[in-house]
Amino acid sequence: MAKLCPLFSGSNGNSYYIGSSGSGILIDAGRSAKQLETAMRAHSLEPSDLQAIFVTHEHADHVQGVRVLATRYHIPVYSSPGTLQAMEELGILNGKFPVEAIGENGVSICGMQVTAFPTSHDSRESVGYVVHTADGRKAAFATDLGYFSDAVFDAVLGCDAVVMESNHDVGMLQNGFYPYYLKRRILSNTGHLSNAACAGELPALAQSGTTRFVLAHLSRENNLPQLAYQTALCSLQTCGMQEGLDFQLMVAPPENLGEKAVLF
Ligand SMILES: [Zn+2]
Ligand SMILES: [Zn+2]
């Protein structure tokens, strides 16, 4: 059985642990190394057991802890060539830990196979990840999506567990205090996915076999956990799916000190 822990989620930092039987990987490390260590230990995970960090893109909320954590435990870091280049320019890659560009066939690590898929976001070469676990399960990590492209759809379809961005409520964003340029950026095709856009994709995923949904990367200013949750739930219920019976639905909290994990 695999364990997925959303350690941090949202504009203040993102990091997800996935693994089984004592070893695993992080998808993003967007908080300080100390905060990441504390969150992992709260889930009874040891940072020194980490086998790799996979980075989605170079924005601070995804890479903040990479340099210190990877240096401290000598953890290999993987990402797309463009993201690694951007991380190099930002001074994150210091030569003290292995770095590798992820190719088309992905990477095999601690019994898992990790593949990347392109996402549409205002960064150098952002990606999402699909993790094939040792016991034949699949989990997808799809956040920072300007829109839900065919590439994203193809990657997440059929996954047992899906971490999916549900960033903002469009009404809250439009009526909120963000400056116009920022609203436009978030709503653009290289920004972030709204609750409604996320919810609209869930029935197809549920019908493809997804039973665990984690709504992620919620905006603190332009969303409410209950709103994201209800929007997703309504969408899944309208296609006849029942919570608890056909699927589990969770909102990833901004900081998760051991309360929430997904087993699949
Ligand atoms: Zn970003
Ligand atoms: Zn982000």
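This text walks through a predicted model, taking its two sheets in turn and then some single residues.

The tour begins with the sheet that includes the start of the chain's strand numbering. Seven strands make up this open sheet, and their order across it is E6-E5-E4-E3-E2-E1-E14, with mixed pairing. Its edges are strand E6, residues 99-101, and strand E14, residues 262-263, each of which pairs on one side only. Helix H1, made of residues 33-42, packs on this sheet and touches strand E1 (3-8) and strand E2 (15-20). The direction of H1 makes about 140° with that of E1.

At the E6 edge, the neighbouring strand is E5, residues 77-79, and the two pair in the parallel sense over three bridges. One position to look up is Ser79, whose bridge partner in E6 is Ala101.

Helix H3 covers residues 66-73 and lies across strand E4 (50-54) and E5, running at about 155° to E4. Which residues of H3 are buried? They include Val66, Arg67, Leu69 and Ala70. The buried residues of H3 pack against H1, E4, E5 and helix H2, which spans 60-63. Just after H3 comes His74, which takes a positive phi of about 50°.

The other sheet can be followed in the same way. It is also open and has seven strands, in the order E7-E8-E9-E10-E11-E12-E13, again with mixed pairing. Strand E7 (107-109) and E13 are the edge strands, each pairing on one side only. On average, and with direction ignored, neighbouring strands of this sheet are turned by 20° against each other.

Start at the E7 edge. E7 pairs with strand E8, residues 112-118, in the antiparallel sense over three bridges. In this pairing Val107 stands opposite Val114 of E8. E7 and E8 form a hairpin with two residues between them, and in the turn Cys110 has a positive phi of about 40°. E8 also pairs with strand E9, residues 127-132, in the antiparallel sense, here over six bridges. Across that pairing, Phe117 stands opposite Gly128 in E9.

A general point helps when looking along any of these strands. In a regular strand the side chains alternate between the two faces of the sheet.

Now move to the E13 edge. Strand E12 (residues 212-216) and strand E13 (residues 248-251) pair in the parallel sense over four bridges. Val214 has Met250 as its bridge partner in E13, and Leu215 has Val251. What lies between the two strands in the β-α-β unit? The answer is helix H9, residues 225-238, and the unit that E12, H9 and E13 make is right-handed. H9 lies across both E12 and E13, running at about 155° to E13.

H9 has a helix partner too. Two packed helices are described by the angle between their axes and the distance between the axes. The axes of helix H8, residues 195-207, and H9 come within 8 Å and cross at roughly 35°. This crossing of H8 and H9 is right-handed. From H8 the contact uses Asn195, Ala196, Cys198, Ala199, Gly200, Leu202, Pro203 and Ala206, and from H9 it uses Leu227, Ala228, Thr231, Ala232, Ser235 and Leu236. Sorted by kind, the residues of the contact between H8 and H9 are ten nonpolar, four polar and no charged.

Two phenylalanines in loops complete the tour. Phe148 lies in the loop between strand E10 (138-142) and helix H5 (150-156). Why does Phe148 count as partly exposed? Phe148 has 19 C-beta neighbours inside 10 Å, and a buried residue needs 20 or more. Apart from its neighbours within four places in sequence, Phe148 is in contact with Phe153, Leu193, Ala197 and Glu201. Thr133 is 15 residues away from Phe148 along the chain, and their C-alpha atoms are separated by 24 Å.

Phe177 sits in the loop between helix H6 (170-175) and helix H7 (180-187). Is Phe177 buried or exposed? Phe177 counts as exposed, because 8 C-beta neighbours lie inside 10 Å, and the cut-off for exposed is 12 or fewer. Phe177 and Ala29 are 148 residues apart in sequence, and their C-alpha atoms are 29 Å apart in space.

How values were computed
Residues are numbered from 1 along each chain as its sequence is written. Chains are lettered from A and ligands numbered from 1 in the order in which they are written. This is a predicted model: local features need pLDDT of at least 70, side-chain atom pairs count only at pLDDT 80 or more; totals for chains, interfaces and linings use all residues. Two strands pair if DSSP finds at least two bridges between them. Two residues are in contact if their C-beta atoms, placed from the backbone, lie within 7 Å. Axes are lines fitted to C-alpha atoms, for helices over the stretch in contact, and angles run from 0 to 180 degrees between N-to-C directions. A crossover is right-handed if, with the strands pointing away from the viewer, the path from the first strand over the helix to the second runs clockwise. A crossing is left-handed if the near helix is turned anticlockwise from the far one by less than a right angle, and right-handed if clockwise. Ala, Val, Leu, Ile, Met, Phe, Trp, Tyr, Cys and Pro count as nonpolar, Asp, Glu, Lys and Arg as charged, and the others, Gly among them, as polar.
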